[in-house]
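Let's take a walk through a protein together. Have the sequence and the 3D view side by side, and turn the picture around as you read.

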Amino acid sequence: MADITRRFGWRHLRSAPTVHVRHHRRGRLVHDGPGLSFWFRALTAAVSEVPVDDRELAVTFHARTSDFQDVSVQATVTYRISEPATAAARLDFSIDPDTGVWRGAPLEQISTLLTGTAQQHALDVLARTPLSAALADGVTAVRERISAGLGGEPRLGATGIEVVAVRVIALRPEPEVERALRTPAREQIQQEADRATYERRAVAVERERAIAENELASRIELARREERLVEQKGTNARREAEESAAADAVRAEAEAARTVRIAKAEATAAREVGEARAGAQAAWLRVHAETDPATLHALAVTRLAENLPRVDSITLSPDVLTGLLARLGGPGTATGTGTGTGTGTA
């Protein structure tokens, strides 16, 4: 929209560089070009403002495929007015001299023209395409057909409109059909997910089995080592017992030999002692055999006196003394009878 300023019955217009302005005064073209700025009188001027920038037009419509399935098409058409003079002559781009607003709706007319033309060509290509093919390759086919149709449309060229680009954003069936079409794919995806789950579980089970086998092998190996340990302990204990028995046997033999030696020594000593005692006894007997009886009697009395207990007093009667004297005197000694009493200390 142009920027218009009023001053004492005059109007000043200032346009943007993307707008082509055509100014007629009394039927004669006075100003013609983009981005103009000039003064004019509202009563004698006719001003048209034609946009020359690229514009995006969203196109949405419904179509039917060859198998009678409804689809919705979403597309975007980029266009521009390449010939402003032609467009201003064919469409009403005149503006109000006081407000700068278009008196008509030229862009709506262009949108209707582009939408109808695009829809016509899209319907034509989709009517000969089944739904499966339209969903698979329909976007490319529809875009190419719309581009070719708009490029060859004579009315657009006669109006000064140039189509820059066509984009088909989506081509979708009805919600029920879309859900039905999604079902096999979802089932396949679910099957793939289930298969992946089963494979993951199988791998987990296999790993658990491997772990269990490893644990079992470890236990078996541990039991085998414990068995070898027990056998080794038994062997060590048996060897220790054998060595202990051998040591005991050696000790017993040594003790027996020692006992034998001691016994032999004791026997030798006893024999020597006995021989010595026998020799001493024989010598003693020889001495006593050579000694006279009186001396022997005296020795006997002396030995008896040595072995008798201490006597504080002794009483001898004449009969005892006479008999004792008679025994001491031996044969030929006179025998008498008498009684005597004496006291002595031994």
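Is Gln120 buried or exposed? Gln120 is exposed, with a relative accessible area of 52%. The cut-off for calling a residue exposed is over 50%, so Gln120 makes it into that group. You'll find Gln120 in helix 2, which covers residues 106–126. If you want to see where that is relative to another part of the chain, look for Arg80: the two are 40 residues apart along the chain, and their C-alpha atoms are separated by 21 Å. Keep in mind as we go that this is a predicted model.

Now zoom out and take in the whole thing. The protein's secondary structure adds up to 7 helices and 9 strands. How spread out is the protein? Its radius of gyration is 78 Å, while the globule rule gives 20 Å for 346 residues, so the protein is more spread out than a compact globule. You can picture this as a box: along the principal axes, the C-alpha atoms fill roughly 225 × 60 × 35 Å. Of the 346 residues, 22% count as buried. The accessible surface is about 23,500 Å², and carbon and sulfur atoms own 55% of that. As for who touches whom, take the contacts with a separation of 6 or more: 63% of them are between residues 24 or more positions apart.

Next, follow helix 5, which runs through residues 175–290. What distance does helix 5 reach from its first C-alpha to its last? With its 116 residues, helix 5 reaches 163 Å, close to the 172 Å expected at 1.5 Å a residue. There is a bend to look for along the way, though. At Thr183, helix 5 bends by about 30 degrees, and a proline, Pro184, follows within four residues.

For another sense of scale, find Trp10 in strand 2, which spans residues 10–14. Trp10 and Pro293 are 283 residues apart in sequence, and from C-alpha to C-alpha they are 204 Å apart in space. Trp10 does have company, however: leaving out residues up to four places away in sequence, Trp10 touches Thr5, Trp39, Phe40 and Arg41. At 37% relative accessibility, Trp10 counts as partly exposed.

Time to look at some strands. Strand 3 (19–25) and strand 4 (28–34) have a loop between them, and that loop is where Arg26 sits. The two strands run antiparallel and are joined by 6 bridges. If you want a landmark in this pair, His23 stands opposite His31 in strand 4. Together, strand 3 and strand 4 make a hairpin with 2 residues between them. What is special about the phi of Arg26? It's positive, about 55 degrees, even though Arg26 is not a glycine. Arg26 is exposed too, with a relative accessible area of 71%.

A second hairpin is made by strand 7 and strand 8, this one with 5 residues between the strands. Strand 7 covers residues 55–64 and strand 8 covers residues 70–81, and they pair in the antiparallel sense over 10 bridges. In the loop between them you'll meet Phe68. Phe68 has a phi near 60 degrees, which is again a positive value in a residue other than glycine. At 64% relative accessibility, Phe68 counts as exposed.

Move from that loop into strand 8, and you'll come across Thr76 and Thr78. Are these two buried or exposed? Residues count as buried under 20% relative accessible area. Thr76 is at 9%, so it counts as buried, and Thr78 is buried as well, with 6%. Look at what lies around them. Beyond its neighbours within four places in sequence, Thr76 is in contact with Glu56, Leu57, Ala165, Val166, Arg167 and Ile169. Thr78, with residues up to four places away left out, touches Asp54, Arg55, Glu56, Glu162, Val163, Val164, Ala165 and Arg167. One of those partners, Glu56, is the residue that stands opposite Thr78 in the strand pairing. One general idea is handy when you look at strands like these: in a regular strand, the side chains alternate between the two faces of the sheet.

Definitions and conventions. Residues are numbered from 1 along each chain as its sequence is written. This is a predicted model: local features need pLDDT of at least 70, side-chain atom pairs count only at pLDDT 80 or more; totals for chains, interfaces and linings use all residues. Side-chain values use heavy atoms; hydrogens and water are left out. The expected span of a helix is 1.5 Å times one less than its number of residues. The bend at a residue is the angle between axes fitted to the seven residues ending there and the seven starting there. The radius of gyration is taken over C-alpha atoms; the globule rule is 2.2 Å times the number of residues to the power 0.38. Buried means under 20% relative accessible area, exposed over 50%, partly exposed in between (1.4 Å probe, protein chains only). Contact means heavy atoms within 4.5 Å. Accessible areas come from the Shrake-Rupley method with a 1.4 Å probe; for residues, only the protein chains shown count as cover. Two strands pair if DSSP finds at least two bridges between them.
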